[in-house]
Amino acid sequence: MAAAAPLVSASLLPVLAARPLAGSTVSFGASCKRRRNIPVWRVHCAADEEEINDLGVNVALSMLKFYKREISPLLPSSCRYVPTCSEYSMQAYKRYGVVKGTILTGWRLCRCNPLGGYGYDPPRWFGEEDLPLQ
């Protein structure tokens, strides 16, 4: 009788072959240093083109732009709503001003959780049925 060869799972073969020898160093190379490209869908708003003269709105918008440019790419894409929360707050600040925009942004962030809703949710003040005219 021939001795049976030990069974090795096919999924373990690449792992075993890729293991470094004892005392050697592992180099991840340039491929791990590249930034991953995450597709982003942006809803175009007519309020994006208008110029804002309110100092408070401009400060809030500059903080949101900093967040979108520097912090958001580091986080995983997990948006449940369209537009995203940052786009929603930009639209709310442009459309309603600092006070109402902050209230709407806070309300949206409270709803943005795994137990919350999903789908298309444009900024509108409480009790408004239709979107306000631009």
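Two residues are in contact when they have heavy atoms within 4.5 Å of each other. With that in hand, let us take a tour of this predicted model.

**A starting point: Thr105**

Thr105 sits in helix H4 (98–111). Leaving aside its neighbours within four places in sequence, Thr105 is in contact with Tyr88, Ser89 and Tyr93. Is Thr105 buried or exposed? Buried means under 20% relative accessible area, and Thr105 has 14% relative accessibility, so Thr105 counts as buried.

**The whole chain**

Now step back for a wider view. The protein chain has 4 helices and 2 strands, and along the sequence they follow the pattern α-α-β-α-α-β. Of the 134 residues in the chain, 21% are buried. The accessible surface comes to about 10,500 Å², and 63% of that surface belongs to carbon and sulfur atoms. Take the contacts between residues at least 6 apart in sequence: 65% of them join residues at least 24 apart.

**Two helices side by side in a table**

Helices H2 and H4 can be checked with a ruler. At 1.5 Å a residue, the expected span of H2 agrees with the distance between its end C-alpha atoms, and the same check on H4 also agrees.

| Helix | Residues in helix | Expected span | Distance between end C-alpha atoms |
|---|---|---|---|
| H2 | 17 residues | 24 Å | 23 Å |
| H4 | 14 residues | 20 Å | 20 Å |

Which residues of H2 are buried? They are Val57, Ala60, Leu61 and Leu64. These residues cover an arc of only 100° around the axis, so they lie on the same side of H2. The face turned away from that buried side carries the exposed residues Leu55, Met63 and Arg69. As for partners, the buried residues of H2 pack against H3 and H4.

Helix H4 can be read in the same way. In H4, Gly101, Leu104, Thr105 and Arg108 are buried. They cover an arc of only 100° around the axis, which puts them on the same side of H4. On the other side of H4, Val99 and Cys110 are exposed. The cover over the buried residues of H4 includes E1 and H3.

**The largest nonpolar core**

How many residues make up the largest nonpolar core? There are 7 residues in all: Ile52, Val57, Ala60, Leu61, Leu64, Met90 and Tyr93. H2 (55–71) and H3 each supply at least two residues of this core, and the largest share, 4 residues, comes from H2. One member, Ile52, is in contact with Val57, Asn58, Leu61 and Lys94, leaving aside its neighbours within four places in sequence.

**Two spots in the loops**

Pro83 is located in the loop between strand E1 (81–82) and helix H3 (85–96). Look at the peptide bond from Val82 to Pro83: this bond is cis, with omega near 0°.

Another loop, between H4 and strand E2 (119–120), holds Tyr118. With 68% relative accessibility, Tyr118 counts as exposed, since the cut-off for exposed is over 50%. Not counting residues up to four places away in sequence, Tyr118 touches Arg80 and Tyr81. Where is Arg80 relative to Tyr118? The two are 38 residues apart in sequence, and their C-alpha atoms are 4.9 Å apart in space.

Key: Residues numbered from 1 in each chain as written. Predicted model: local features only at pLDDT ≥ 70, side-chain atom pairs only at ≥ 80, totals over all residues. Heavy atoms only, no water. Core = buried A, V, L, I, M, F, W, Y, C linked by side-chain atoms within 4.5 Å. Buried < 20%, exposed > 50% of the residue type's maximum accessible area, 1.4 Å probe, protein only. Expected span 1.5 Å × (residues − 1). Arc of directions from axis to C-beta. Areas by Shrake-Rupley, 256 points an atom, 1.4 Å probe, with all protein chains shown as cover.
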